[in-house]
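Good morning, colleagues. Please take a moment to look at the sequence and the structure before I begin.

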Amino acid sequence: MSDHLKGLLIALAGVLVLSPDTLLIRLADMDQWAMLVYRGLMMALGMALISARFDPAPLTEQYLRIGRTGILAALCFATSTVAFVNAIVYTTVANTLVIVATSPLFAALFGRVFLGERLKLPTFVAILCVLLGMAFVVGQPSGEGHWLGDACALVSAVSIAVTFVLNRKNRDVNMIPAISISGLLYALACLPFASWSVLPSQSIVAVGMMGIVVTVAFALITIAPRYIPAAEVSLVLPLETVGGIALAWIFLDEVPGPLTLLGAFIVLLALMGHSYFILRTTRR
C-alpha cells in the first residue's frame, strides 16, 4: 500500500469515527458540565497513551517540548470543546456542525494576521461564500436558545482555528500532548459546575463511546498529514459535517430546515472548492 493511499484511508477513518460525536452527546442525555468532565478525563488519558505509543521520546519530555505555544493551543482547544458541547445543547446539530466547519477559513485569516501568511484570492472568495452560508444557517428559526447555541458554535470555530494556527507555528513538535492537556484543563474547569446523579445505562454507554470516538478520531486526523498533504486531509473533513447531520436526522428525527440545508450546501461547497485549490497549488 502506498503512503498516499495509507494517509487517505487514515483521514477517512478519522472522519468516519468522529461523525457520531454529536449524536452521542445528545444520547448521553445528562448535565453537559458533568459530561465534559468525563469527556475531558478520557481525552487526557487516551491522548497520553497514544502519544506514548507513537513517539519514542519519554512521555514527560513530550509534554515539556510543546512549550508555551502548546499550552496556549491546549487552552484554545479546551475552549473549543466546551463551546462545542454547549452548542449541541442549545441549538441544532446541523447549525453547530455547519458553523464549526468554517474553522479552516478562520485559521486562514488568523494565519494572515499572526503568521504573515498571504491570503490568496480564492481564500478571500471562499470566506465570503462561507459568511453567506452562515447567514442562511443562523437565519433559520430553531426555537429557544438558538442564538446562544449558534454563538457557542462560532466560539468553538474561532477557538479551534486559533489552535490550528498555533499547531502550524509549532509544526516540528508532536502536539498530541497539548490535546491531552486540554482534556484535563476543561475537565477541571467544568468540575465546579457539574451536577452529579446516578446515570442510566444508556448515558454510561454513550459517554464511554464518546471518549473512545474523540480520542481515536483526533489521533487519526493528527497522524494522516504525515502521509498526505494537509490540504488533502481538509478535502475529507467536510464529510464529518454531512455524516453528523445525517445521523441526527436518522436517529434523533432532527430535520434541518430549508435555510439550514441551503447554508450547509454553500459552506461545504466553498470549503471543498478552497481545499481543492490549495491541494492543486501544493502539488504544483
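**The chain and its helix α10**

Of the 284 residues in the chain, 50% are buried. I should say at once that this is a predicted model.

Let me begin with the overall fold. The chain has 14 helices and 0 strands. Its radius of gyration is 18 Å, close to the 19 Å given by the globule rule for 284 residues, so the chain is as compact as a globular protein of that length. The C-alpha trace spans about 55 × 50 × 40 Å along its principal axes. If we take contacts between residues at least 6 apart in sequence, 88% of them join residues at least 24 apart. The exposed area of the chain is about 13,700 Å², and carbon and sulfur atoms supply 70% of that area.

I now turn to helix α10, residues 176–190. Its 15 residues should span 21 Å at 1.5 Å a residue, and the end C-alpha atoms are 22 Å apart, which agrees. How many of the residues of α10 are buried? The count is 11 of 15, so to speak of α10 as mostly covered is justified. Among them are Ile176, Pro177, Tyr186 and Cys190. The buried residues of α10 pack against α3 (32–54), α4 (59–65), α5 (67–90) and α11 (201–223).

Finally, the surface. Tyr38, Leu41, Leu184, Leu188, Leu191 and Trp196 form a nonpolar patch there, with about 570 Å² of accessible area together. Helices α3 and α10 are the elements that give two or more residues to this patch. Tyr38, which lies in α3, is partly exposed, with a relative accessible area of 30%.

Note on methods. Residues are numbered from 1 along each chain as its sequence is written. This is a predicted model: local features need pLDDT of at least 70, side-chain atom pairs count only at pLDDT 80 or more; totals for chains, interfaces and linings use all residues. Side-chain values use heavy atoms; hydrogens and water are left out. Helices (H or I, at least four residues) and strands (E, at least two) are DSSP runs, numbered from the N terminus. The expected span of a helix is 1.5 Å times one less than its number of residues. Buried means under 20% relative accessible area, exposed over 50%, partly exposed in between (1.4 Å probe, protein chains only). Contact means heavy atoms within 4.5 Å. Patches are made of residues with over 30% relative accessible area and no salt bridge: like charges are joined within 9 Å, nonpolar side chains (Val, Leu, Ile, Met, Phe, Trp, Tyr) within 5 Å. Accessible areas come from the Shrake-Rupley method with a 1.4 Å probe; for residues, only the protein chains shown count as cover. A salt bridge is a side-chain nitrogen of Lys or Arg within 4 Å of a carboxyl oxygen of Asp or Glu. The radius of gyration is taken over C-alpha atoms; the globule rule is 2.2 Å times the number of residues to the power 0.38.
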